[in-house]
Amino acid sequence: MKFKNIFKNTSTMTTENTEIDQELDETTLENNANGEQMIIEELSVEEQLTQDLAKEKDKYLRLFAEFENYKRRTTKERIELFKTANQEVLLAMLPVLDDFDRAIVEISKSEDELLLKGVELIHEKLKNTLVAKGLEQVEVNPGDAFDADFAEAITQIPAPSDEMKGKIVDVLEKGYKLGDKIIRFPKVVLGQ
């Protein structure tokens with residue numbers, strides 16, 4: 001009987017141990033599940049922070065790029081302003097330069113060489129001063145092909161030869177540019 005009781009107690013203890021083990025296993029599983037949820041939540045928080053950081057970096061880089069573009073644009077505009085700041089003054093001086101050109105042509109018809117030389121000196125001085133300020137003459141000569149981007153056609157006349165059809169026959173007024181910008185187009189006559 002003692003043996004049966006021991007066996008009975010042992011089997012009861014085994015059953016109790018099994019139940020305790022099951023409870024421990026269930027508790028462990030719950031703890032592990034909570035731990036995994038915490039890990040998942042922590043990872044999602046970390047991922048969220050990483051995403052927020054990436055968004056802020058992107059916003060910063062875009063703002064920085066926009067500012068760099070603004071600086072480049074304003075610098076370019078400032079350079080253009082300095083290049084063309086003299087434009088109004090130079091435009092006002094062009095008729096004077098034209099008058100000197102006409103005066104030299106008329107004075108050269110006379111016999112007075114000293115007068116011609118004096119006017120030529122003043123003309124060269126004015127021309128050199130304007131060139132120093134950035135003025136350049138637009139090169140258009142009789143016989144050149146007409147290009148509406150670089151010359152203004154005033155009129156058309158019958159071409160003196162077949163070669164001159166559609167080409168410049170005469171230049172009535174010189175054209176000038178300031179830097180790369182044409183401030184006065186040359187006025188030309190076309191052959192028809």
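This is a short talk on one protein chain, from its overall layout down to one pair of side chains.

Before anything else, please keep in mind that the model is predicted.

I'll start with the whole chain. It has 192 residues, and 17% of them count as buried. The accessible surface is about 15,300 Å². Carbon and sulfur atoms account for 57% of that surface.

What secondary structure does the chain have? There are three helices and six strands. If you read from the N terminus, the order of elements is α-α-α-β-β-β-β-β-β. In other words, the helices come before the strands.

Next, contacts along the sequence. Take the contacts between residues at least 6 apart in sequence: 64% of these join residues at least 24 apart.

Now the sheet. Strands of a sheet pair through backbone hydrogen bonds, and the pairing can be parallel or antiparallel. The sheet here is open and has three strands, in the order S2-S6-S3. Its pairing is mixed. Which strands sit at the edges? They are S2, residues 152-157, and S3, residues 168-173, and each of them pairs on one side only. From one strand to the next, the twist averages 25°.

Look at S2 and S6 for a moment. S6 covers residues 187-191, and its pairing with S2 is parallel, over five bridges. As a landmark on screen, find glutamate 152, which stands opposite lysine 187 in S6.

The last part is about two residues, arginine 184 and aspartate 98. Arginine 184 belongs to strand S5, residues 181-184. Aspartate 98 belongs to helix H2, residues 87-109.

Is arginine 184 buried or exposed? The cut-off for buried is under 20% relative accessible area. Arginine 184 has 12%, so it counts as buried. Aspartate 98 has 7%, so it is buried as well.

What joins their side chains? A polar contact of 2.8 Å runs between arginine 184 and aspartate 98. That contact links a residue of strand S5 with a residue of helix H2.

Both residues have other neighbours, and here I leave out residues up to four places away in sequence. Arginine 184 touches Leu94, Asp98, Glu173, Lys174, Gly175 and Tyr176. Aspartate 98 is in contact with Glu173, Tyr176 and Arg184. Glu173 and Tyr176 therefore appear in both lists. Glu173 also lies in the range of S3, residues 168-173, an edge strand of the sheet I described earlier.

That is where I'll stop.

Conventions:
Residues numbered from 1 in each chain as written. Predicted model: local features only at pLDDT ≥ 70, side-chain atom pairs only at ≥ 80, totals over all residues. Heavy atoms only, no water. Helix = DSSP H or I, 4+ residues; strand = E, 2+ residues; numbered from the N terminus. Buried < 20%, exposed > 50% of the residue type's maximum accessible area, 1.4 Å probe, protein only. Polar contact = N/O pair within 3.5 Å; in protein donor to acceptor, adjacent residues only side chain to side chain. Contact = heavy atoms within 4.5 Å. Pairing = 2+ DSSP bridges. Axes fitted to C-alpha atoms, helices over the stretch in contact; angles between N-to-C directions. Areas by Shrake-Rupley, 256 points an atom, 1.4 Å probe, with all protein chains shown as cover.
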